[in-house]
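Me: Please take a close look at the aromatic side chains in this model. I would like the ring geometry first, then the surroundings.

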Amino acid sequence: MKDVHEIFTIFKEEFPAINEVHEALGREIHEKSGPLSEKIRWLVKVAISGASGHKIALETHVTRAREAGATNEEILHTLLLLIQTTGFPTFMEAYSVFKKMP
């Protein structure tokens, strides 16, 4: 899987041992820890990164959600769910990241 952001590629080159452990934990949690489908797992991550204000992660999670078959409508619905839980300004930050993506 190609890195979405160059900074992550740089991190992997500079800290290969830490990246290896990080990737292993990610695979264990993302792929083996429960019954959610690939698409749903990435949509959950879209919601988490959007709610947390993590713009780089949000771009990555939107990209991966699309690769897993999520439509733009599903991603937008996921982001709209932020309004009632985390507030309209948080949604607008996430929405602006999404709208700037190709």
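Reply: Four aromatic pairs occur in this predicted model. A pair of aromatic rings is described by the distance of the centres and the angle of the planes.

Start with Phe8 and Phe11. Their ring centres are 6.0 Å apart and their planes meet at 20°, so this pair is stacked. The cut-off behind that label is planes under 30 degrees apart. Both residues sit in helix H1, which covers residues 6–14. Phe8 and Phe11 are three residues apart there, so about one helical turn separates them. Phe8 has 27% relative accessibility and therefore counts as partly exposed. Phe11, at 26%, is partly exposed too.

Now take Phe91 and Tyr95. This aromatic pair is also stacked, at 5.2 Å centre to centre and 20° between the planes. Helix H7 (residues 88–100) holds both residues. They are four residues apart, about one turn of the helix. Their burial reads as follows. Phe91 has a relative accessible area of 6%, so Phe91 is buried. Tyr95 is partly exposed because its relative accessibility is 28%. The reasoning needs one cut-off: buried means under 20%.

Back to the H1 rings. Phe8 and Phe11 join Phe15 in one aromatic cluster. Phe8 and Phe11 also take part in a helix contact, where they and Lys12, Glu13 and Glu14 of H1 meet Pro16, Ile18, Asn19 and Glu23 of H2. By class, that contact has four nonpolar, one polar and four charged residues. Helix H2 spans residues 16–32, and its axis lies 5 Å from that of H1. The packing angle is about 115°. That value makes H1 roughly perpendicular to H2, because the class runs from 65 to 115 degrees.

One further ring has a charge over it. Lys45 lies over the face of Trp42, 4.6 Å from the ring centre. Lys45 belongs to helix H3, residues 38–52. Its relative accessible area is 27%, so Lys45 is partly exposed. Beyond residues up to four places away in sequence, Lys45 touches His30 and His61. Thr85 gives a longer-range reference point: Lys45 and Thr85 are 40 residues apart in sequence and 15 Å apart in space, C-alpha to C-alpha.

Two non-aromatic residues add to the surroundings. Leu58 is in helix H4 (residues 55–67). With a relative accessible area of 2%, Leu58 is buried. Setting aside residues up to four places away in sequence, Leu58 touches Val46, Ser49, Gly50, Leu79, Ala94 and Val97. Val46 is twelve residues from Leu58 in sequence, and their C-alpha atoms are 5.7 Å apart.

Met101 comes in the segment after H7. Its relative accessible area is 14%, so Met101 is buried. Outside its neighbours within four places in sequence, Met101 contacts Glu59, Val62, Thr63 and Arg66. Thr63 is 38 residues from Met101 along the chain, with 9.0 Å between the C-alpha atoms.

To recap the two ring pairs: Phe8 with Phe11 is stacked at 6.0 Å, and Phe91 with Tyr95 is stacked at 5.2 Å.

Technical notes:
Residues numbered from 1 in each chain as written. Predicted model: local features only at pLDDT ≥ 70, side-chain atom pairs only at ≥ 80, totals over all residues. Heavy atoms only, no water. Phe/Tyr/Trp six-rings, centres within 6.5 Å; stacked < 30°, edge-to-face > 60°. Helix = DSSP H or I, 4+ residues; strand = E, 2+ residues; numbered from the N terminus. Buried < 20%, exposed > 50% of the residue type's maximum accessible area, 1.4 Å probe, protein only. Lys NZ or Arg CZ within 6 Å of the ring centre and 35° of its normal. Axes fitted to C-alpha atoms, helices over the stretch in contact; angles between N-to-C directions. Parallel < 35°, antiparallel > 145°, perpendicular 65-115°, else oblique. Contact = heavy atoms within 4.5 Å. Nonpolar A, V, L, I, M, F, W, Y, C, P; charged D, E, K, R; others polar.
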